[in-house]
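Please find below a short note for your review. The points concern aromatic contacts, surface character and backbone geometry.

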Amino acid sequence: METIEFLGFNIYAWITIVTVLAMFSVMLFTKLRADLVFLGAIGVLYVTGVLDAKEAFSGFSGTSVITVGVLFVVVAGLTHTGVLQWIVKHLLGSPDSYSKAVTRLMLPVAALSSFLSNTTVVTLFVGIVKMWAKKLGVSPSKLLIPLSYASGMGGVCTLIGTPPNLIISGLYEEKTGEAMNILTTTIPGLFCLAVGVLSVIAMRRLLPDRKAPESAFESTGDYTVELRVPSDNPHIGQTLGEAGLFHVKGGSLIEMYHFDDMPMPVTEDEPIMGGDHLVYAGQIDELIDMAYSHKLVSSDHHIFSMSEVDNSSQLLTAYVNIGSPLIGTTIGSSSFEKDNNVIVAAVSRRSERIKQAPRDVVLQAGDTLLLVCPKNFNVNTTSMGKALHFFDSDDVPNIGYGTLVSTGIMIAMVALSALGVMPLLQCAFLAAAAMLICHCCNVEQAMRAINWEILMVFAGSAVLGLAIQKTGIAEWLANGILEVCGTNPIVVMTAVCFVGTFITEFISNTAAGAMFFPIMYNAAEKLGYDPFPFLIALMISVSSSFATPIGSPTHMLVYGPGGYRFSDFMRIGLLMNLIILAANIFIVNIVYPLTPLP
């Protein structure tokens, strides 16, 4: 290593620091994919000599990364045989109070998230919870944040429930040669979950009461829809007033464009010409009826006759994901509609009235789109998966014999690992093979279930942690924490977990786990204590991100459907961070008492 130092760090340490800061800045302020950012960071660390080739690409061969990849196949088997749908159908019920509703929701979600990808679980529950909330007479925004919180808190209850647990346990095994049991975090996790459920119930007044985004398509003035006058329309030559297109039931005309795309003053006396664009704000069902009765068509392109309109279509509602490539663009300036064989009929932005044609609206995260789609439309065959999240899905598997088989495979995998019969990775491989052999999912479904972007981030996070440790940054930070916090082990544990909890609000929890592992490990060793309980507390803390929608992928999944604003998460999330941190430190030190090193 280079011996020249500046402010206590050599050149390789400074390269690592700059790379880490640049990487996190890019992820926070740009739309670049996280996997590309991590791959770029690995490339910088390798090219500059911070890591050699073996070290730079060691993350891709790590057992924890391979385990996550194999577990995607296991989850595919459970999903395609309807296990999750069966659980949802039989566990939610009809509670008669908000407290019971939150409990009935959070406990099953946490249990599922302990063994399955929490993003998979939340994706399934979002639509169900929205319908359930309507049945209970509760705003979905009162239940969707608890849904996301439950998935995160449930994930820490087992090693396979969340990526940071796997990466921290994998790094611990590399350091010590000792493997953690799959149920190592179960008791601390369950305690924190219980505290979390009670906290949500106690602080329910801090949960926002937002209107569901799709309800904007049921309320006047919350959306816009653009229609076009075809060239054979019988009202051509009449004025807007004469044709009955100025004062319409359930809405109002807010803008008009003639064929030259120049906006015209909206008056009753304006003549109608073929190709005119008419932009209305109002109630969607009323305007659709008006469009058919006045022989108007969707305005994605010029239609010369009503006979060109395909009647075998359906209306679907979707929202713009956080991180979607559509953010900052307009539908009209892209080939989105043509590429996916859909028409954007209307756009909603929470309670705001958008005074633009839908195809001219610069889209933001959380915007809701009303799409005209073919009857046989399947989102899985389009490129819209990362751009939009649909409120409803017809892709619900049948529940039958395969449901029992996949459930048995999952239980066997967990039992074999928990009892120490064989390592988790071997159990995962056997379970994945069994899912394929028993036709719980086919090869195509299994490969499609593997999220390569997550695996790349996972591998990159491990490499990032290695660089932080190798360059001495981790030791420097550990020494700094000891200087500030003294030699009390619980104070040091709390300090690192506190920083970890708030760092993970802005970066991947996997990256936070990899970054803080060497810091926590070194701090524990310098204090003369076994790092094991320190690392258990770290696992829980880096998965406890409650205060920002970007803190967890599951928060992003509920952000649009709940009609939330960024600040909604902070109102309850900051307190949740502190409450779960206190519960974490308390229970870990009871279940795993601090042990001095020999």
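**Notes on the predicted model**

1. Tyr 521 has a relative accessibility of 6% and is therefore classed as buried. Phe 517, at 2% relative accessible area, is buried as well. The two residues lie four positions apart in helix α20 (residues 509-527), so about one helical turn separates them. This is a predicted model.

2. Seven aromatic pairs are present in the structure. In one of them, the ring centres of Tyr 149 and Phe 546 are 4.8 Å apart with the planes at 75°, so the arrangement is edge-to-face. This pair joins distant parts of the chain, 397 residues apart: Tyr 149 belongs to helix α8 (residues 141-155), and Phe 546 to the loop between α21 (532-542) and α22 (553-559). Both Tyr 149 and Phe 546 are buried. For Phe 517 and Tyr 521, the centres are 5.6 Å apart and the planes at 35°, so that pair is tilted. In addition, ring pairs connect Tyr 172, Phe 532 and Tyr 592 into a cluster.

3. On the surface, Leu 39, Tyr 46, Val 47, Phe 57 and Phe 60 form a nonpolar patch of about 470 Å². Val 47, which is part of helix α2 (residues 34-47), is exposed with a relative accessible area of 68%.

4. Most residues other than glycine have a negative phi. Lys 295 has a positive phi, near 60°, and sits in the loop between α12 (284-293) and β8 (297-298); its relative accessibility of 41% makes it partly exposed. His 439 likewise has a positive phi of about 60°. This histidine, His 439, lies in the loop between α15 (424-437) and α16 (443-449) and is exposed, at 70% relative accessibility.

Methods
Residues numbered from 1 in each chain as written. Predicted model: local features only at pLDDT ≥ 70, side-chain atom pairs only at ≥ 80, totals over all residues. Heavy atoms only, no water. Buried < 20%, exposed > 50% of the residue type's maximum accessible area, 1.4 Å probe, protein only. Patch = residues over 30% accessible without salt bridge, like charges linked within 9 Å, V, L, I, M, F, W, Y side chains within 5 Å. Areas by Shrake-Rupley, 256 points an atom, 1.4 Å probe, with all protein chains shown as cover. Salt bridge = Lys/Arg side-chain N within 4 Å of Asp/Glu carboxyl O. Phe/Tyr/Trp six-rings, centres within 6.5 Å; stacked < 30°, edge-to-face > 60°.
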